[in-house]
Amino acid sequence: MTRSTARLSVIIGAIGLVTMLTLSSVGFTQGHMTDARVQARALCAPHRPAGTVVHVTLSDQGSTMMVGGTVMMVSLYASPSLVHAGEVTFVATNVGALTHELLIVPAPRNGVGSRDIKSNGTIDESSSLAEASSACGADRGAGITPGTSSWVTLRLTPGHYELLCDEPWHYANGMYQGFGVQ
Ligand SMILES: [Cu+2]
């Protein structure tokens, strides 16, 4: 290999690396799409959402489970993440490949993400205020399947809350977000 071909292959390699990084960052930021794009992708939405509407995007990187099925790339992103007290409708849209759900729970004393994980990979749901887990429907169901939305309306008083997905091991892998009501 001549010096110039060696230099050329270094340049091509660098371009390839930059392309790979760009593509992977596009994939990783999928959970942060604008509300409009999320709504356009969802198969269903509530007809007349009551109160303040919060869009929650549930996402994952598909079958990246490793080591005993407990490591996965999952994400939950709510917009807005701070609302005024009163009636709030959460519309949760699953743009990932796994089934997800949305629970609205008062934030744990030790901070968002600090809940104990049971041996089956879930948390104690007894303090949950509401749940959207019905594919193309309101309230509780069998889970939000890929490409569908679920929604739930409730009255929230000022405070700190946690939005989370309690499919096995999703919370343990970071599928939660703090949510404020003022
Ligand atoms: Cu999940």
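Begin by selecting Ala-92 together with Ser-150: Ala-92 stands opposite Ser-150 in strand E8. The coordinates belong to a predicted model.

Next, extend the selection to residues 86-94 and 149-156. The former range is strand E4 and the latter is strand E8; the two run antiparallel and are joined by eight bridges. A further pair to display here is Thr-89 and Thr-153, since Thr-153 in E8 is the bridge partner of Thr-89.

Now turn to the pairing of E4 with strand E1, and select residues 52-60, which form E1. E1 and E4 run parallel, with seven bridges between them. Within this pairing, highlight His-55 and Val-91: His-55 stands opposite Val-91 in E4.

With these strands in view, show the whole sheet. It is an open sheet of five strands, with mixed pairing, and its order reads E2-E1-E4-E8-E7. To find the edges, select residues 74-79, which are strand E2, and residues 137-138, which are strand E7. Each of these edge strands pairs on one side only. Strands of a sheet pair through backbone hydrogen bonds, in either a parallel or an antiparallel manner.

Finally, leave the sheet along the chain and select Leu-98, which lies in the loop between E4 and strand E5 (102-106). Is Leu-98 buried or exposed? Leu-98 counts as buried because it has 23 C-beta neighbours inside 10 Å, and the cut-off for a buried residue is 20 or more. Add Thr-145 to the selection: Leu-98 and Thr-145 are 47 residues apart along the chain, and their C-alpha atoms are separated by 7.0 Å.

Definitions and conventions: Residues numbered from 1 in each chain as written. Predicted model: local features only at pLDDT ≥ 70, side-chain atom pairs only at ≥ 80, totals over all residues. Pairing = 2+ DSSP bridges. Helix = DSSP H or I, 4+ residues; strand = E, 2+ residues; numbered from the N terminus. Buried ≥ 20, exposed ≤ 12 C-beta atoms within 10 Å, placed from the backbone.
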